[in-house]
Amino acid sequence: MKSLRVRFAPSPTGPLHMGGVRTALYNYLLAKKHGGQFVLRIEDTDQKRFVPGAVDYIREALEWAGIVPDEGYGYGGDYGPYRQSERKEIYDRYIRQLLDEGKAYYAFDTPEELDAARREAEKQGRTFTYDAATRMCMRNALSLPAGEVKRLLESDAPRVVRFKIPEGRTLVMQDLIRGQVRVNTSTLDDKVLVKSDGLPTYHLANIVDDRLMEITHVIRGEEWLPSLPLHILLYEAFGWQPPQFAHLPLILKPSGKGKLSKRDGDAGGFPVFPLSWTDPTTGKTTQGYRETGYLPQAFVNMLALLGWNPGTEQEIFTMDELITAFDLLRINKSGARFDPEKARWFQHQHFQKLSDDQMLELIIPVLEKHLQKDIRSDAGLMDYTRKVLALVRERLTFPQDFWTWTSFFYVAPETYAPKAVKKQWKSQTPEIMEQVLAILKKVEPWEAGTVKQTLSDWIGEQGLGFGKVLQPLRLALAGDLKGPDLFALMVLLGRDETLKRIRRALETLPG
RNA sequence: GGCCCGGUCGUCUAACGGCUAGGACGCAGGAUUUUCAUUCCUGUAAUCGGGGUUCGAUUCCCCGUCGGGCUGCCA
């Protein structure tokens, strides 16, 4: 049995967008599910749009997400080269064949002439199409006298090769996601197959490569659906059996109209790229999911469920579980609006699945950044951090959250949240704190249980109410009215530090 | 404009032509807690419109409408 082969074929015109990662992911999942191969091919036939660094970005992004190609550019394989700019001779051979068989023809119209034709048609309220109805009025090998064509071909006159679309046929095509798609070939135009620079356009290169690389399933974005008839016709022109096609729905903006773009991320404060990207011309950096703190498994899980569902109520998946559950037929037909809130939720779920040690590993760099010192070599600090982490781990979504919840475990507060002070530091508070100070000085042993018991008993005796004592105490220790268990905080800080912080609050805050 | 593809809670989605249209995110309320957060419970809210086919339509067909894509010597 022939093995299933799929490919992801991005164009290196910039950073890979999350929609591109999803396309790669679906290809990968299908390949892994059926023991097939996932191929990475670089479609760089447009040299004008080539962006340095984009190819490396694509590979790094895929690897980060765990979508590792089995073969392709940078991964080896028997079907190379996997970069279209290195395959010109191959395309030349196939285009020669179409030319010889009269299925394609040379055209000499300049960009200016084509522009003029388009404007002219527009004036009459139509759209210009280079097709059976108009091609005899243009300058090409079909309309010009043979001698003139010969002269032009021998000169250095720019020329392109166009595909001669057969007229008046109804094409009935099969799409794995959409079912039957019908199109009449008369609505198609004679697409350029080879540009004046001698390189093929996407359409020709794509068909030839998919054939030569023995691709069995083409899974790509819906924006390619309009060119499916052309591709089918090309396979037919070569006498080849086309692969199976699946056109994925688009990822749409969280709100408003249209498909998700870089701008939406800037405006909505969420990433649209897997990794950060620095534009080589402007030098501007755009944050990626990785740098925002997303776990690759969360990113992948979120992406997988955007347009696909397992048919069960399971939402949290590992890559292996996705591979098992994945099915092309359960991909939706309609575009999916991206929801940044749900992305956060996936991240929270996956972050919580981490072991204490895994979480610690991610938190250490955050801590090092804030404390400006090496943590790993300080066994005491490592041990302390483990204890702090245990207190706050369930409220973390991103590694960076650790510091916002625990800075006061490491650094004494220098200021106190004004709103909290106003609400909890009343006129009788200093007096209460003085007594708390006295009690804490002699509590033995310095353990959460005893401290809590002693303080609670005292509060009961005084008839004060927990809030009146514990809230200002928290304020003194943490600088704000938030955080984990107060007694755990005191024990971890140690008696000296606890007393010190209370005294400082008494000196600083209004008496 | 032309061609093509879509339309179930605000969002992601489930539902052999047959239960009260289910789940998740979000939001609201409640419980727990010394606080914030987490967690748990409850609530919230949908089949685009009109025609058909059928005993019965979210589901099938047609029309309209809305949304999206394409309409380059880009991919």
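In the predicted model, 61 residues surround RNA strand B, and those that come nearest are Ser11, Glu43, Thr127, Lys257 and Ser334. Two or more residues of the surface near RNA strand B are given by each of the elements α4 (111-123), β7 (179-184), β14 (336-337), α12 (340-353), α19 (466-478) and α20 (486-493). The most is given by α19, which supplies 5 residues to this surface. Sorted by class, the surface near RNA strand B holds 22 charged, 21 nonpolar and 18 polar residues.

Chain A is divided into five parts: domain 1 (5-73 + 205-252), domain 2 (88-194), domain 3 (262-350), domain 4 (354-406) and domain 5 (412-511). Domain 1 is thus assigned as two segments, 5-73 and 205-252. Between the centres of domain 2 and domain 5, taken over C-alpha atoms, the separation is 81 Å.

An open sheet of 3 strands is present, with the order β4-β5-β8 and antiparallel pairing. The strands β4 (104-107) and β8 (192-194) stand at the edges of the sheet, and because each has a single partner strand, one side of each is left without a neighbour in the sheet. Direction ignored, neighbouring strands of this sheet are turned against each other by 45° on average. The antiparallel pairing of β4 with β5 (residues 160-163) extends over 4 bridges. Ala107 has Val160 in β5 as its bridge partner.

Helix α3 (residues 88-100) lies across the three strands β4, β5 and β8, and runs at about 95° to β4. Helix α3 also packs against a second helix. Packing of two helices is described by the angle between their axes and the distance between the axes. For α3 and helix α6 (residues 202-212), the axes come within 10 Å and cross at roughly 100°. Angles of 65 to 115 degrees count as roughly perpendicular, and α3 and α6 are therefore roughly perpendicular to each other. On the α3 side, the contact is made by Ile90, Tyr91, Tyr94 and Ile95, which meet Leu204, Ala205 and Val208 in α6. By class, this contact of α3 with α6 comprises 7 nonpolar residues, with no polar and no charged residues.

Notes:
Residues numbered from 1 in each chain as written. Chains lettered and ligands numbered in written order. Predicted model: local features only at pLDDT ≥ 70, side-chain atom pairs only at ≥ 80, totals over all residues. Pairing = 2+ DSSP bridges. Axes fitted to C-alpha atoms, helices over the stretch in contact; angles between N-to-C directions. Contact = placed C-beta atoms within 7 Å. Near = placed C-beta within 6 Å. Nonpolar A, V, L, I, M, F, W, Y, C, P; charged D, E, K, R; others polar. Domains from an automatic or database assignment. Parallel < 35°, antiparallel > 145°, perpendicular 65-115°, else oblique.
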